Amino acid sequence: MPITICLQRTAIDRAEARINDQPLTSFEPAALLVDQPLFSQRPVPSDPLAYGRRLFAALGGDTLRAMLAALPRAPHHDSLIAIETDDPELAAIPWEYLHDGDEYLIFTYLFVREVPNAPLPAPPDPALPWRLVVMGSDPLVQEVRDPETGLFAGYAPLPRLKVVQELDLLRDDLARQTPPAPIRWQRIAPTRQALIDDLVTTEPILFHYTGHGDVENGKPVLCFDDGTGCMDPRPVADLAADLRGGTYFAFLNACRTADSREPGANLALALVRHGIPAVLGMQYQVLDEAAAHVARTFYRGLAAGQHPAQALYRARLQLKNQLRSEPREWAVPVLYLARGYVWQVQRPALNEPLPPLEPPAPNTAQLRAPDPASGRFVGRDRELLDLARLFINEQRRIVTIRGAGGMGKTALVNALAHRLRFHFRDGIVAISLFLPGENVPLRAATVRRSLADLLGIQHPAFDRPDAADEQELVLAEALRSRPRLLLIWDNYETVLWRLGREESDPRSAPFDEGQRAEAAAVQRLVRLLADKGVHLLFTTRQSPVGLAGEAFYPPAEQGHQLGGLAPRDSVSLLRNRVGQRVPSPEFLEQLAAAVGHNPLALELAAARWAKSHDDEATFITNLRDELSKASDPSAQMYQQSSLEINVRLSLNALPADLRADLLALTIIANPLIVPQHGAVIWGLEDETRWFTEQAHTRLELLNQASLLQGQGYDEQRNRASAYSMQPVIAGVLARLAQGADLGAARARYARWADQLVTRAYSKESGIDTDAEVAALTHFFLADIAAAVPYLPPEQRGWAAWRAAWVFERLGQPAQAEQSIGLAETTASETEDQKLLSRVYHQQATLLVTRGDLDGALRLYEQALAIQERLGDVQGQSATLHSYGLTCW
């Protein structure tokens, strides 16, 4: 039978332990609180093993050992040991360290705290599933008050937590369980408002909180978010009022939620007293690396029908496994139960997992920005707070962030998107207008199609490149039907440059009328969306987009231009990137100041320092000398930005062969560079295969130099899975590449693209018969479009003709039209009549899909005339067949 050890005070300085109303022993509580492993008042915390033995002796030693001998071993339900007390000081003693000389009791028996005289809820309907309501709170800052006046004095940053990553892992693990877990997942905003509004359900609630916990003025608080990123500490009375009535269990995965230092600050104990019958809290700080594993194991146990004490036993074993050399951490979780509470197993009839309830994750893949949870995004707390308040507090619909290249606008909007997830419940979608490669044109039709794909819109208008007006209306209506959606336009200077609204690089070729028309079409779409009330967020270099109601960030008092990082954050970024070298704080401060706290320049400088053999003084002196040339009219680098100079310095620090490799990558038109690209461009091949592993090694070296940006992560190989090039770096490298001989690289790129098209076109193993080939070809479409024009004319025309068919089949009609146009031009140049007949046939087929049957018939007739002159029986047969189908 389970054992309940009742603790009660007998005097100011004495307490008694009783079992079945029989005295077991008496002890001095203060002595057990003063010298303990967690919050010790001595210089060196107590050893957990020695302390555990002291606790065991305080509870009777051999007498207790004899009673425990009659218990079965965990996880048997009757192995339960309950420490019962309502005295905050006695509850503050970390009894979970109890050690009988052989083992900690928590690894031999089930171990809980029991709270007498706590209210008990009525049991839930067992046919209903649990609703696991989860909240991840990671506020950016907390308000600071003047200690004398109590007035607001500013903000202090808070340490970042991996709450999103932890909750995503937990959600995915529950979804994979077989049989389906009797748990419905619901993620809510980390705000008090959400806690009040979103707990209205008939299903019994399990509440899971991960984030910051604290103690204010001796009272426990959970550190919620006000919705914009500012901490909103909520006391136990608020939390209890929100949870009481439908919540049967709370998991408080936050520091000091079952505090063992301040007896009055035990949030878990207080919640049980307020009517939440089971609460799991933490006596001390929570280590991020173990928190997700503990929660996953615990909920697996609950889903399997275990009692919370049994689930905690398994989770504690996992904690021990994760932190084998840290016995102090093993006792941190504490489970409080109301006395008399009987845990009920929910048994709903389920054939498949219950779908999760949560806003969609932001779709920001096109930004190619670092995941905010990865730790690579540093600082910008105040900017994130300001921008969130523009949308949430000021109800702005259109916001434009302006700043020089390399200032981190893209990373900033990506981090903001993840923080605004609960405000924009219809989703957040990002489209990038960055055009990698050599002279890749802006195509409004491609922009519209890309936006439709991101929004999941399927409409026949997008199969007709000439249906621009209809496509715009479809997009506008689809977005208007999602009033809580945010659309992010990154690198919008691409449009403004072509419109002449913003000065582009004077060393770049001027834009022609065709590109101005394409930019005007994108601007027209944006204006239409703004008129329809769509929420829009832009990043540009200097100029506003020019929309009614547009708000600019930073505001006028900050110069309308995003500045560098805060000095503290600059030093933090540098310290994280300098590798094995240990620089002085003074050096890091000087280096950050020298590059103007520009995030990209900091990354580049840190990567150079990590590989450099210079001492600190030499490195800083050389950097300052180079930067000074930007303001020296006699220097070659006069009027170049400090960032551009840093890019050149990083390029020059590379070995000559790697420097040439990087310049060659500038011809790649795909925004995501994979090892296959490197092998092709660099000619790493033999007669039968590409040496992608060698290419991957070189790409990773460029990533380590911060000249490429890693995308995805291969844990097994400890390297990025793919790579991208930051627009500013791409621009600098493109100018430098103009003096390089890239003819051989272009030729290899073109031949490879031709091979891709030929395989995709194959009737036996092409995109119509092999899904893997179709997916791979779709990924490389940007490369095909850019590389086919590099082919010699005698190959280019036929490759472009086949590519047009591939583009059409893979849902890119605008690019198909461009490709068939290239094929027609090449056929005329080379006087290849057979190709021209095939081109007319393909153009006719495209017109059929667009509904222009008369135009299609005329082109079929032109193709037949050529085929008849050439005696092309096979071509005639195919064209006559298509002609007949069109007439019919």
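This note walks through some features of the structure above, point by point.

1. A word on the basis: this is a predicted model, in which local features need pLDDT of at least 70 and side-chain atom pairs count only at pLDDT 80 or more, while totals for chains, interfaces and linings use all residues. Residues are numbered from 1 along each chain as its sequence is written, and side-chain values use heavy atoms, with hydrogens and water left out.

2. Let's start with the sheet. An open sheet with mixed pairing is formed by 11 strands, in the order β3-β2-β1-β4-β5-β16-β15-β14-β10-β6-β9. Its edge strands, each pairing on one side only, are β3 (22-27) and β9 (183-188). On average, neighbouring strands are turned by 25 degrees against each other, direction ignored. Here strands (E, at least two residues) and helices (H or I, at least four) are DSSP runs numbered from the N terminus, and two strands pair if DSSP finds at least two bridges between them. Angles run from 0 to 180 degrees between N-to-C directions, with axes fitted as lines to C-alpha atoms, for helices over the stretch in contact.

3. Strand β1 (residues 3-11) has two partners worth a look. With β2 (residues 14-19) the pairing is antiparallel over 6 bridges, and the two strands form a hairpin with 2 residues between them; Leu7 has Ala17 as its bridge partner in β2. With β4 (residues 80-84) the pairing is parallel, over 4 bridges, and Ile5 stands opposite Ile83 there.

4. Ile5 deserves a second glance. Leaving aside residues up to four places away in sequence, Ile5 touches Ala17, Arg18, Ile19, Leu59, Leu64, Ile81, Ala82, Ile83 and Glu84, where contact means heavy atoms within 4.5 Å. Ile5 is also among the residues with the most contacts inside the largest nonpolar core, which has 114 residues; the others listed are Phe27, Leu59, Trp95, Phe207, Phe249 and Phe298. Helix α9 (residues 288-303) gives the most to this core, with 7 residues. A second, separate core of 104 residues includes Ala605, Ile668, Ile673 and Ala786. A nonpolar core is a set of buried Ala, Val, Leu, Ile, Met, Phe, Trp, Tyr and Cys residues joined through side-chain atoms within 4.5 Å; buried means under 20% relative accessible area, exposed over 50% and partly exposed in between, with a 1.4 Å probe and protein chains only.

5. Elsewhere in the sheet, β15 (residues 278-282) and β16 (residues 333-338) run antiparallel and are joined by 5 bridges, with Gly281 opposite Val334. Helix α10 (residues 308-322) packs on the sheet, touching β4, β5 (110-115), β15 and β16, and its direction makes about 175 degrees with that of β16.

6. Strand β18 (residues 427-432) is mostly covered, with 6 of its 6 residues buried. Gly427, Val429 and Ile431 point one way, and Ile428, Ala430 and Ser432 the other. β18 pairs in the parallel sense with β19 (residues 485-490) over 6 bridges, and Ala430 has Ile488 as its bridge partner.

7. Ala430 also meets a loop residue, Thr364, whose listed contacts beyond four places in sequence are Asn414, Ala417, His418 and Ala430. Thr364 lies between β16 and α12 (381-392) and counts as buried because its relative accessibility is 10%. The side chains of Thr364 and Asn414 share a polar contact of 2.8 Å (a pair of N or O atoms within 3.5 Å; within protein, one must be able to donate a hydrogen and the other to accept it, and residues adjacent in sequence count only if both atoms are side-chain atoms).

8. Now helix α33 (residues 853-870): its 18 residues should span 26 Å at 1.5 Å a residue, and its end C-alpha atoms are 26 Å apart, which agrees. The expected span is 1.5 Å times one less than the number of residues. Asp852 caps the N-terminal end, with a side-chain oxygen 3.0 Å from the backbone nitrogen of Gly855. Just after the helix, Gly871 takes a positive phi of about 70 degrees. The cover over the buried residues of α33 includes α32 (833-850) and α34 (873-887).

9. Helix α30 (residues 793-809) makes a nice companion: the buried residues of α30 pack against α27 (743-761), α28 (771-779), α29 (781-787), α31 (813-830) and α32. Those buried residues include Trp801, Trp805 and Phe807. Gly811 follows α30, with a positive phi near 80 degrees.
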